[in-house]
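Trainee: I would like to learn how to read a structure like this one. Could you take me through it feature by feature?

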Amino acid sequence: MASIVESGWRYLITNFNDFQLACLGSFFLHESVFFFSGLPFIYLERAGWLSKYKIQTKNNSPAAQEKCITRLVLYHLCVNLPVMIASYPVFKFMGMRSSLPLPSWKVVSTQIIFYFILEDFVFYWGHRVLHTKWLYKHVHSIHHEYATPFGLTSEYAHPAEILFLGFATIIGPAITGPHLITLWLWMVLRVLETVEAHCGYHFPWSLSNFLPLYGGADFHDYHHRLLYTKSGNYSSTFVYMDRLFGTDTGYRKLKALKKAGVEDDGKEM
């Protein structure tokens, strides 16, 4: 397996330069993973398939879904791509490389774990700031246009928010100066995580059923359903920050009621 990965990587660095791989390659990889993982949830919602696993009964209209896709393409081309290009000198300065040999799986996994923990911490506080009155009204409310989220809404946000919370994603790699393959793996995992958190479905195979500290779709869907002053559940990946700072109280009460067999009448909506 290692030799196959190394051979594939050798092909890439032989045929493309660092700038092409780090900027254009990263953009292409992001777009591919994001849309291929997010689009199926639109079709699930429209077709009504697996509806018993859908967290909310409400569906988004096709027009609302298409609006989301159109704006995402615009944001990605006009914000994400320029940011990737502008960030390239910074990452090179911090030590990012694409040359062989590839880093060991021990190094890669250690860095990825560090990125997840640091990103979740920074994202939590940045997200709470976005829920203050002025910033919510003028910036974060765009992301909350979709009270019933689906996978692609994970990156539907004001350009200022993309830059603001995007800092949480890149700060870890900026500190460690990783190999490009580590950066790509981090990006893929982070995209899959945020798409899953916004997918609107809680499946028997959802990670949150097996990893106690992982939030997942059920945890984040609650955040989208409530008014911005009462939502809580600000973390991106894990649940411990909200538990430590008491911002998941409403969510835990609702879970306790459901566990006790009491139906939620939607009074918090």
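Mentor: Take R190, which sits in helix 7. Keep in mind that this is a predicted model.

Trainee: Is R190 buried or exposed?

Mentor: The general idea is a cut-off: a residue under 20% relative accessible area is called buried. R190 has 10% relative accessibility, so R190 is buried.

Trainee: Which side chain does R190 join through a polar contact?

Mentor: That of E119, at 2.9 Å. E119 is also one of the residues that R190 is in contact with once neighbours within four places in sequence are set aside; the others are F116, F123, T169, S236 and T237.

Trainee: What is the make-up of the protein in helices and strands?

Mentor: There are ten helices and zero strands. Read from the N terminus, the order of elements is α-α-α-α-α-α-α-α-α-α. The radius of gyration is 19 Å, close to the 18 Å from the globule rule for 269 residues, so the protein is as compact as a globular protein of that length. The C-alpha trace spans about 60 × 40 × 40 Å along its principal axes.

Trainee: How many of the 269 residues are buried, as a percentage?

Mentor: Buried residues account for 47% of them. The accessible surface is about 14,000 Å², and carbon and sulfur atoms hold 69% of that surface. As for contacts between residues at least 6 apart in sequence, 76% of these join residues at least 24 apart.

Trainee: How should I read a single helix?

Mentor: One general point helps: an α-helix has 3.6 residues a turn, so residues three or four places apart point the same way. Then look at which residues are covered. In helix 8, ten of the ten residues are buried. Among them are G216, F219, H220, Y222 and R225.

Trainee: Which helices do the buried residues of helix 8 pack against?

Mentor: They pack against helix 4 (105-130), helix 7, helix 9 (240-244) and helix 10 (249-259). Helix 7 is also where R190 lies.

Trainee: Now a case of distance along the chain. What separates the C-alpha atoms of L44 and Y201?

Mentor: They are 157 residues apart along the chain, and 9.8 Å separates their C-alpha atoms. L44 belongs to helix 2, residues 18-47. With 14% relative accessibility, L44 counts as buried. Not counting residues up to four places away in sequence, L44 touches W49, L50, Y201 and F203.

Trainee: What about I42?

Mentor: I42 also lies in helix 2. Its 4% relative accessibility is why I42 counts as buried. Beyond four places in sequence, I42 is in contact with Q65, I69, F150 and L152. The C-alpha atoms of I42 and A86 are 32 Å apart, with their places 44 residues apart along the chain.

Trainee: Which residues form a nonpolar patch on the surface?

Mentor: W49, L50, W205, L207, F210 and L211 form it, with about 700 Å² of accessible area together. W49 and L50 have already come up as residues that L44 touches.

Trainee: Where is F210, and is F210 buried or exposed?

Mentor: F210 is in the loop between helix 7 (180-197) and helix 8 (216-225). The cut-off for exposed is over 50% relative accessible area. F210 reaches 55%, so F210 counts as exposed.

Technical notes. Residues are numbered from 1 along each chain as its sequence is written. This is a predicted model: local features need pLDDT of at least 70, side-chain atom pairs count only at pLDDT 80 or more; totals for chains, interfaces and linings use all residues. Side-chain values use heavy atoms; hydrogens and water are left out. Patches are made of residues with over 30% relative accessible area and no salt bridge: like charges are joined within 9 Å, nonpolar side chains (Val, Leu, Ile, Met, Phe, Trp, Tyr) within 5 Å. Accessible areas come from the Shrake-Rupley method with a 1.4 Å probe; for residues, only the protein chains shown count as cover. A salt bridge is a side-chain nitrogen of Lys or Arg within 4 Å of a carboxyl oxygen of Asp or Glu. Helices (H or I, at least four residues) and strands (E, at least two) are DSSP runs, numbered from the N terminus. Buried means under 20% relative accessible area, exposed over 50%, partly exposed in between (1.4 Å probe, protein chains only). A polar contact is a pair of N or O atoms within 3.5 Å; within protein, one must be able to donate a hydrogen and the other to accept it, and residues adjacent in sequence count only if both atoms are side-chain atoms. Contact means heavy atoms within 4.5 Å. The radius of gyration is taken over C-alpha atoms; the globule rule is 2.2 Å times the number of residues to the power 0.38.
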